[in-house]
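Here is my note on the model that you asked me to look through. Please read the numbered points with the structure open beside them.

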Amino acid sequence: MSQPPLYPEIGVVALVPDRWTPQWQPRHFVLSRLAAYFSVVWVNYPHGWRKTLSALRERGATDYPPCPPGLQIYRPEPWLPLVGRPQWLGEFTSRQRLLRACRLLRARGCRKIVVYIWRPEFARALKQLPWDLSVYHVDDEYSFSSTETAISAEELALLQSAGQVFIHSPALLEKKGRFNRNTEFVPNGVEYQAYATPLEEPDDLRRISHPRIGYVGHLKQMLDWKLLQELSATHPQWSFVFVGPTSPHPAIALALEQMAGRPNVYFLGAKKTEELGAYPQHFDACIMPYKVDDYTRYIYPLKMHEYLASGRPVVSAPIRSVREFEHVIGIANTPGEWSSALERALSAEENTPQAFASRRDVARQHDWDALVHRIARTIKERLHPDLASSRARDSHSVSLSAPLL
């Protein structure tokens with residue numbers, strides 16, 4: 001029998017922009033661990049009304065990834081789709097989905113409800129059901145614009161009204177952290193053991209020659225494909241390996257096609273989250289080749305601490321969130337700087353046991369278990385201010401090894 005959450009009287013309704021799938025984002029890591037403290041209902045993003053038939057078929061699917069104890073997936077009924085117009089119908093279906101999610105928590109004995117919002121679009125939920133605490137977790141610049149934009153009125157209102165705000169990057173904290181006194185910086189983390197524990201070389205890497213310059217993550221427009229094209233052409237002696245799904249976009253289609261035709265470039269496709277830890281360990285250098293613009297200045301790459309946990313050398317574009325880690329990450333901007341930084345990453349000096357240990361030490365400090373412990377503690381204290389003095393007791397009664405998938 002699974003162990004109940006530490007605070008079973010507290011239930012969390014998590015409003016997320018996607019469904020529970022094998023490819024994890026920061027919200028998956030946070031909420032799966034938060035379920036060690038509270039009962040959590042992950043509300044799958046609903047289908048649009050035009051996809052009602054496909055939603056019916058999907059409800060019969062049995063290939064959903066397993067959930068950790070304490071976390072439950074609410075898959076909205078096909079007759080409660082996402083509706084834009086008429087407004088009254090959209091409000092009705094939205095409220096019904098929320099009430100059903102809350103009933104799952106009430107059935108588990110939860111007496112206090114936390115509405116945990118991951119995008120501004122879910123702000124209307126705060127007017128649609130009773131709750132005891134609202135949380136807004138900012139894990140991106142939701143304009144997704146490469147040029148600076150003002151905070152939308154919708155998001156500003158949410159920042160000001162939420163009971164608690166968590167922000168995941170330094171630049172976002174500077175931009176959005178001044179509107180609510182209950183704001184806390186919580187960066188992205190890493191499943192440290194999953195990336196630091198030695199793993200067997202994946203089969204699809206065995207055929208690829210060293211040195212391997214590797215990237216793990218979505219292949220998307222924010223990467224500097226012009227740079228990657230030049231580096232792979234300039235250094236035919238290096239193997240450039242990309243692990244992750246492709247985000248379809250016309251702007252990168254030609255670059256992907258041209259690079260796929262080169263003998264030293266390898267696209268290995270999407271992997272399940274539990275498979276990813278092996279890849280950085282068998283790269284010779286890990287890269288974060290982002291464009292430097294007004295969007296990437298706000299990101300905090302999930303892969304940063306995953307790379308560091310592997311111990312392997314890392315080279316990154318000079319984005320804002322990487323700057324404080326320059327002592328363990330090589331920084332490069334121009335193609336010439338990238339070539340020099342990668343040559344250094346491949347050198348004996350950067351591949352000593354001491355260098356590996358220093359990178360892993362940084363990653364260990366950003367283990368998801370410790371970060372989510374902070375989030376859980378903050379939520380508990382916002383609900384029960386009188387329990388603030390119990391921090392020391394909780395740090396001993398809760399293992400920082402929350403259940404993993």
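1. Helices (H or I, at least four residues) and strands (E, at least two) are DSSP runs, numbered from the N terminus. Counted in this way, the chain has 15 helices and 13 strands. The radius of gyration, taken over C-alpha atoms, is 22 Å, close to the 22 Å that the globule rule (2.2 Å times the number of residues to the power 0.38) gives for 405 residues, so the chain is as compact as a globular protein of that length.

2. Please keep in mind that this is a predicted model, in which local features need pLDDT of at least 70 and side-chain atom pairs count only at pLDDT 80 or more, while totals for chains, interfaces and linings use all residues. Residues are numbered from 1 along each chain as its sequence is written, and side-chain values use heavy atoms, with hydrogens and water left out.

3. An open sheet of seven strands follows the order 3-2-1-4-5-6-7 with parallel pairing, where two strands pair if DSSP finds at least two bridges between them. Strand 3 and strand 7 (183-185) are the edge strands, since each of them pairs on one side only. From one strand to the next, the twist averages 20°, with angles running from 0 to 180 degrees between the N-to-C directions of axes, which are lines fitted to C-alpha atoms, for helices over the stretch in contact.

4. Strand 2 (residues 39-43) deserves a closer look, as five of its five residues are buried, that is, under 20% relative accessible area (1.4 Å probe, protein chains only). In a regular strand the side chains alternate between the two faces of the sheet. Here Ser39, Val41 and Val43 point one way, whereas Val40 and Trp42 point the other way.

5. Which strands pair with strand 2? Strand 1 (residues 10-15) runs parallel to strand 2 and is joined to it by five bridges, and Val13 has Val41 as its bridge partner. Strand 3 (residues 71-74) also pairs with strand 2 in the parallel sense, over four bridges, and there Val41 stands opposite Gln72.

6. Helix 3 (residues 87-107) lies across strand 1, strand 2, strand 3 and strand 4, and runs at about 150° to strand 1. Strand 4 (residues 112-117) is in turn joined by four bridges to strand 5 (residues 133-138), and the two run parallel, with Val115 opposite Ser134.

Notes:
Buried < 20%, exposed > 50% of the residue type's maximum accessible area, 1.4 Å probe, protein only. Contact = heavy atoms within 4.5 Å.
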